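Welcome to this guided tour. Open your viewer, and we will go from the whole chain to a few chosen spots.

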Amino acid sequence: MKKGKVFLVGAGPGDIRLITVKGLEAIKQAEVILYDRLANPKLLEFAPADCELIYCGKLPNRHILRQGNINELLVEKALEGKRVVRLKGGDPGVFGRVGEEAASLAEYQIPFEIVPGISSGIAAPLYAGIPVTHREYAESFAVVTAHDKSKEGKPVLDWEGLARGVDTIAFYMGVGNLPFICENLITYGKQASTPVILIQWGTFGRQKTLQGTLADISEKVIEEKFSNPSIILVGEVIALREKISWFEKMPLHGRQILLARTSDAPSELAKELIDQGADVIEFPKWKRTSLPVDLAKVTAFEKILFTSPESVNEFFTAVMESGIDIRTICADFFGASVKSIKALNNRGFIAAHADELSEPSALLIVGDDSILKKEFDSADLLVTSKKELDYQFLPLFKRMLDEADVNTMVFPSSSSVEPFLIALSEGDMNAAELLKGLQIVSMGKQTEAAVVKAGFPSIGTPANATKQALVEYLAARRPVEEV
């Protein structure tokens, strides 16, 4: 069998928009992805539906897969002829052990590429308003691992070189050794008044910062219960933060949103919320399988109702593949939603809303079997695809929830409520427990009625069921944890 190929990809620091174009292309073409804890799981949604996802991240004091096992697995999957992506947080060459993985692949003459990523030691400070170098403050910069330990449990470093020769120092994963770090930097020449900042979950909407000096930062960390994953930045350049801090001023910074999902397509609403500074976890994750369709009688219908944007695209694809001249279809088109109507408009058709359907004689309803409902007894049904829950993402979703501190739930439509609750049940998750204490926002009165009917409180609805109105609504209200 022909050998596959491995891509050792840097996922960037957390914000999925910071992955490189080449890295994203590798994910989109992967047959197997081995991913770490610090690679944002949302990136996996760009993978093909049949891609095998393998979690090999390391949690504190617990190893899911040891490095040797990871190396062996990369070789094994590549020897099966598969296109493999090893997805690592930040840059794979910065404390990412990419050298060991590449060496294992080279030993078996397996072709591979290393795709750089943005390193957290540079990105997290920038998202906190701090460039690591500046003509007036810092002409040198160093990244240092603070979690590879000696027998005494402390990092073995050239403390004098760091203290006297480097203006800005970024320590990775060093919160547990912070007192030792500060003590040594002071002992070997740094002033006790040197500014220090900890940046937790840098570039995520849940990013938090804690600022102090070498003399007092350790005590502050204990008081605030700060923990990894955090970048520890030391240097006078931190003073610039007061002037150019920007990310934490975003309208929705601090919002950790759970968004009910009804489509397998990318969510424009989720994108807008992320663009405004929020963390967004979408659930459930759907996968869609196209089905063969019989269009022999399609020209006989007077009205065609499309239940979703996907059904529009699938229908017209089938029409083209069947060699049917679209001009022979004389039916009036209807959409069950604004998105469905827009999808028809984009193809050059004027469509009305399903509410305007009257006397549904000779009606064809086009959709997928998960949302197609027989509202009209006399209508014919054309199932173009099968949409189902992607069970591979259930454990991934649980891990995302464990590491986040969700404070907001958004239901974008009334049709999103029931599938959300059913999917939670399929994943052995309790909806009442999950949503307890969250600010539950409904996009419209009809959606709010569905939420209340399901037994959950809704804090209200935006002025309009639009992305901008939702952003304004959330920006005007502080997250629950801050109230």
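Helices, of at least four residues, and strands, of at least two, are DSSP runs numbered from the N terminus. Counted that way, the chain has 16 helices and 22 strands. Please keep in mind that this is a predicted model.

**The whole chain**

Begin with everything selected. Along the principal axes, the C-alpha atoms fill a box of roughly 85 × 60 × 45 Å. The chain has 483 residues, and 51% of them count as buried. Now switch on a surface: about 23300 Å² is exposed, with carbon and sulfur atoms supplying 51% of that area.

Next, colour by charge. You will find 54 positive and 64 negative side chains. The centres of these two sets lie 2 Å apart.

If you can display contacts, look at the ones with a separation of 6 or more. Residues 24 or more positions apart account for 68% of them.

**The largest cavity**

Rolling a probe the size of a water molecule over the atoms shows where empty space is left. A search of the whole structure finds three cavities of 30 Å³ or more. Head for the largest cavity, which has a volume of about 350 Å³.

Which residues should you select to reach its centre? Choose N40, P41, F204, R206 and D279, which lie nearest the centre among the 29 residues of the lining. Then highlight β14 (279-283) and α12 (394-403), each of which supplies at least two lining residues. The largest share, four residues, comes from α12.

**A stop at A343**

Select residues 338-346 to show helix α11, and pick out A343 within that helix. Is A343 buried or exposed? A343 counts as buried because its relative accessible area is 12%, and the cut-off for buried is under 20%.

Now show the neighbours of A343. Leaving aside residues up to four places away in sequence, A343 touches P309 and V312. Try a distance label to S308 as well: A343 and S308 are 35 residues apart in sequence, and their C-alpha atoms are 8.6 Å apart in space.

**A last stop at S227**

Finally, move to the loop between α7 (217-224) and β12 (230-234), where S227 is found. S227 has 35% relative accessibility, so this residue counts as partly exposed.

What does S227 touch, not counting residues up to four places away in sequence? Select V175 and Q200 to see these partners of S227. For one more distance, add G93: S227 and G93 are 134 residues apart in sequence and 24 Å apart in space, C-alpha to C-alpha.

Methods: Residues numbered from 1 in each chain as written. Predicted model: local features only at pLDDT ≥ 70, side-chain atom pairs only at ≥ 80, totals over all residues. Heavy atoms only, no water. Buried < 20%, exposed > 50% of the residue type's maximum accessible area, 1.4 Å probe, protein only. Contact = heavy atoms within 4.5 Å. Areas by Shrake-Rupley, 256 points an atom, 1.4 Å probe, with all protein chains shown as cover. Lys, Arg positive; Asp, Glu negative; His and termini not counted. Charge placed at Lys NZ, Arg CZ, Asp CG, Glu CD. 1 Å grid on protein atoms, 1.4 Å probe; cavity = no way out; pocket = protein on both sides within 12 Å on 5 of 7 lines; lining within 4 Å. Points joined across faces, edges and corners; volume = space filled by probe spheres on them.
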